[in-house]
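Here's a walk through one model, starting from a single loop residue and working outwards. Have the structure open and follow along.

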Amino acid sequence: LRAALREGSALCRQRDFAAAAAKFSTALELCSKGFATEDPLKSSPDDLSRLASWIESKLVICYLKLGQPGLALHHSHRSIIENPSHFCNHLRQAACFRYLHRYSEAARSAMVAQCLYILAEGAGLETSDLLQLYWQAMTQEALSGEISFSVLYTPFEKEDKADKIKEANKTFAERHPEYVQHIFTDPHGIHLLPEKAESHPGQQYLLTLGFRNKEIGKTLEKFVTQKLPIFPGQKITFSPSMEEEAETFWQSTGKRIMAAVAFIGSTKIKDERGPCAGAIEQFHHASLLSHLHRGEEQAQVMTQVMAELATVPYLQRVSQEEDKLLQSLRADAMDILAGRTGERVWTKIHKV
């Protein structure tokens, strides 16, 4: 194992990334077979996880250098699953999303990276500022390429939220008259913007979205404001004869909804619906992909869900009941990835 790691690192320095990836893949295989320690009784699971995460992170770099961002993204998710508290893992994930032009998700990864960096001891302001700039650039990139909706961030202190939401919706309609087919303000989360702390110390915002297409706006609002997210068009997933209808729904509506959901998540660390709400949204996404027989895309989404669930406890306080749901959903995600079937927490949520 040590030899494989040494050779992989040397090949990286020589910029032979294909050969380096092969060495690191071998190292990962040896690690999974229990060769990561001479005495398993004297090493902690955390040490093994950190080593596996480090190897995964090296594979991310190799595949990005080789121009294979899809493979790099898969390994970035796995590096987070093994070590969710290290900000660099999230920053590499952001780089993969950026390479794939998935700018909203890149923004979220950069936001999480900055949050974890600030929480770490001895965080340097210069690095924090750079992470903030990266997050800001990704958010702006996501908006510049978006044509179906526009957004407005309204500063929010501790006013009456209902009144502030009405005011925000009215202001949005005045400023963006071309996006008034459907307007709503996210009621389940306070948003943060990547601004310099000294200019807006701890400033929180409400996020208002306006849409050109009324149906997409209404459907999205229902999806992201319910306590338990339920994916629109879910009824079609229970009828194989309606597969064509499901495909049409995904191409015309589903893709746009998931793009907007990703954007909402790019400035929201804490979700008032609960720490697992974002993951449940992705479970629905994966379920629809499964129905459309897109197994590879479904597996990618489920690996991303596992990375998201692993990170949640480092970003917000989790109650005992919420932790139980979180652990159950992680087990469900592993089962789905392994192709196992059966009655699970997710299956019950899905049925309800």
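## Starting in a loop

Let's begin with Leu193, which sits in the loop between β2 and β3. Keep in mind that you're looking at a predicted model. Which residues does Leu193 touch, leaving out those up to four places away in sequence? They are Trp135, Tyr153, Tyr205 and Thr267.

For a sense of scale, pick Ala279, which is 86 residues away from Leu193 along the chain. The C-alpha atoms of these two are separated by 22 Å.

## The sheet on either side of that loop

The sheet is an open one with three strands, arranged β1-β3-β2, and its pairing is antiparallel. At the edges you'll find β1 (149-156) and β2 (182-185), each of which pairs on one side only. Going from one strand to the next, the twist averages 20°.

Zoom in on β2 and β3 (residues 204-211): they run antiparallel and are joined by four bridges. Thr185 is a handy landmark, since Thr208 in β3 stands opposite to Thr185. Helix α9 (residues 214-225) packs on the sheet, where α9 touches β2 and β3. The direction of α9 makes about 20° with that of β2.

## Aromatic rings

How many aromatic pairs are there, if ring centres have to lie within 6.5 Å? The count comes to seven. Ring pairs also tie Phe149, Phe184, Phe211 and Phe263 together into a cluster.

## α3 against α5

Now for the helix pairs. Helix α3 (residues 45-65) packs with helix α5 (residues 87-99) at an angle of about 25°, and their axes are 11 Å apart. Angles under 35 degrees count as roughly parallel, so α3 is roughly parallel to α5. The crossing of α3 past α5 is left-handed.

From α3, Ser53, Ser57, Val60, Ile61 and Leu64 meet Asn89, Arg92, Ala95, Cys96 and Tyr99 of α5. Sorted by class, this contact has six nonpolar, three polar and one charged residues.

## α6 against α7

Helix α6 (residues 103-119) and helix α7 (residues 125-144) have axes that come within 8 Å and cross at roughly 160°. Why are they called roughly antiparallel? Angles over 145 degrees earn that label, and α6 and α7 are therefore roughly antiparallel to each other. Here too the crossing is left-handed, with α6 passing α7.

On the α6 side, the contact includes Tyr103, Ala107, Met111, Gln114 and Tyr117. Among the α7 residues they meet are Leu131, Trp135, Met138 and Glu141. Trp135 should ring a bell: Leu193 touches Trp135 as well. By class, the contact of α6 with α7 has 13 nonpolar, six polar and one charged residues.

## α11 against α12

Last up is helix α11 (residues 277-291) with helix α12 (residues 295-315): their axes come within 9 Å and cross at roughly 170°. That makes α11 roughly antiparallel to α12, and α11 passes α12 in a left-handed crossing.

Ala279, the residue used above to gauge distance from Leu193, turns up again in this contact. Other α11 residues taking part include Phe283, His285, Ala286 and Leu289. From α12, the contact includes Glu297, Val301, Met302, Val305 and Leu309. The residues of the contact of α11 with α12 divide into eight nonpolar, five polar and one charged.

Terms used:
Residues are numbered from 1 along each chain as its sequence is written. This is a predicted model: local features need pLDDT of at least 70, side-chain atom pairs count only at pLDDT 80 or more; totals for chains, interfaces and linings use all residues. Side-chain values use heavy atoms; hydrogens and water are left out. Two strands pair if DSSP finds at least two bridges between them. Helices (H or I, at least four residues) and strands (E, at least two) are DSSP runs, numbered from the N terminus. Axes are lines fitted to C-alpha atoms, for helices over the stretch in contact, and angles run from 0 to 180 degrees between N-to-C directions. Contact means heavy atoms within 4.5 Å. Angles under 35 degrees count as roughly parallel, over 145 as roughly antiparallel, 65 to 115 as roughly perpendicular and the rest as oblique. A crossing is left-handed if the near helix is turned anticlockwise from the far one by less than a right angle, and right-handed if clockwise. Ala, Val, Leu, Ile, Met, Phe, Trp, Tyr, Cys and Pro count as nonpolar, Asp, Glu, Lys and Arg as charged, and the others, Gly among them, as polar. Rings of Phe, Tyr and Trp (its six-membered ring) pair if their centres lie within 6.5 Å; planes under 30 degrees apart count as stacked, over 60 as edge-to-face and the rest as tilted.
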